[in-house]
Structure formats: C-alpha cells, structure tokens
Amino acid sequence: MSPDTLAAIAAMSVATIATRFAGLIVPAGFARRGRLKAAFEAMPVAVLASIIAPTVLATGWTESIAALITLVVAWRFPLLAVVIVGVLAAAGLRALASLM
C-alpha cells in the first residue's frame with residue numbers, strides 16, 4: 001500500500017472515532033436549534049455524498065449511469081426499492097458494457 005493510502009485510512013479512522021466520541025460528549029440538547037441543528041441534519045447526506053461521489057466520478061460510464069438511475073428512483077420510492085434498482089442497474093449496465 002502506498003503512503004497516501006495509509007494516510008487516508010488513518011485520517012478516516014481518526015474522523016470516525018472522533019465523531020463517535022462526540023456523540024457521547026455533546027449534551028443532548030446542544031443541537032436543538034439554529035445553525036448547529038441544520039449542520040447536524042445535513043451531516044448524513046454530506047457523508048453519503050462523499051462516499052458515493054468518487055465512485056460515480058472516477059469509474060466508467062456504467063457506474064455513472066447506474067448512479068443517475070438510482071438517484072431518480074430515490075426521489076419516488078422507498079430505500080429497499082432504490083437499493084434493488086441500483087444493484088440491478090449497475091449489474092445490467094456492466095453486462096451490457098462487456099458485450100460491447
């Protein structure tokens with residue numbers, strides 16, 4: 001493994017541990033109003049986007065199109081349906097790409 005990869009893994013580990021301990025340290029009523037509440041509500045979406053974005057942007061066209069299909073489905077359907085459609089779209093598009 002390269003030093004950059006190890007540094008990224010170490011940084012993600014520290015960030016994960018810090019957020020877990022922050023949940024124990026921050027009082028329950030601390031983030032009930034204002035900008036801090038908005039920041040806490042936006043955090044899950046930001047984390048999910050930071051995990052998904054490199055895959056969507058750095059891989060081939062099949063993953064990018066599958067991500068777009070999944071995004072469209074996510075606006076209208078529950079989570080289980082979105083996951084199923086996303087997996088089927090990725091698998092189907094990869095199979096289609098292998099035929100080309």
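Let's start with Arg94, which is partly exposed, at a relative accessible area of 47%. Bear in mind that we are looking at a predicted model here. Arg94 sits in helix H4, the stretch covering residues 79–99.

So what does Arg94 touch, once we set aside residues up to four places away in sequence? There are two partners, Thr62 and Glu63. With Glu63 we get a polar contact: the two side chains are joined at 2.9 Å. With Thr62, have a look at the spacing. Thirty-two is the count to remember, as Arg94 and Thr62 are 32 residues apart along the sequence, yet their C-alpha atoms are 5.9 Å apart in space.

Now let me turn to Thr62 itself. Is Thr62 buried or exposed? Its relative accessibility is 7%, and it counts as buried because that is under the 20% cut-off. For Arg94, the 47% falls between the 20% and 50% cut-offs, so that residue is called partly exposed. Thr62 belongs to helix H3, residues 61–74. Leaving out residues up to four places away in sequence, Thr62 touches Leu93, Arg94 and Ala97. If you have the structure open, Leu93 and Ala97 are worth displaying alongside Arg94 when you centre on Thr62.

Let's move over to helix H2, which takes in residues 34–58 and includes Met43. Met43 is partly exposed, since its relative accessible area is 38%. And Met43 has company on the surface: it is one of the members of a nonpolar patch, together with Val26, Phe30, Leu36, Phe40, Val47, Leu48, Ile51 and Ile52. Taken together, the patch offers about 770 Å² of accessible area.

Let me zoom out to the protein chain. How many helices and strands does it have? Four helices and zero strands, so to read the elements from the N terminus you just say α-α-α-α.

What about the overall dimensions? The C-alpha trace spans about 55 × 40 × 20 Å along its principal axes. The radius of gyration is 18 Å, whereas a compact globule of 100 residues would come in near 13 Å.

On the surface side, 9% of the 100 residues count as buried, and Thr62 is one that does. The accessible surface of the chain comes to about 8100 Å², with 75% of it belonging to carbon and sulfur atoms.

To come back to where we began: Arg94 on helix H4 touches Thr62 and Glu63, and its side chain makes that 2.9 Å polar contact with the side chain of Glu63. Thanks, everyone!

Notes:
Residues numbered from 1 in each chain as written. Predicted model: local features only at pLDDT ≥ 70, side-chain atom pairs only at ≥ 80, totals over all residues. Heavy atoms only, no water. Helix = DSSP H or I, 4+ residues; strand = E, 2+ residues; numbered from the N terminus. Buried < 20%, exposed > 50% of the residue type's maximum accessible area, 1.4 Å probe, protein only. Contact = heavy atoms within 4.5 Å. Polar contact = N/O pair within 3.5 Å; in protein donor to acceptor, adjacent residues only side chain to side chain. Rg over C-alpha atoms; globule rule 2.2 N^0.38 Å. Areas by Shrake-Rupley, 256 points an atom, 1.4 Å probe, with all protein chains shown as cover. Patch = residues over 30% accessible without salt bridge, like charges linked within 9 Å, V, L, I, M, F, W, Y side chains within 5 Å. Salt bridge = Lys/Arg side-chain N within 4 Å of Asp/Glu carboxyl O.
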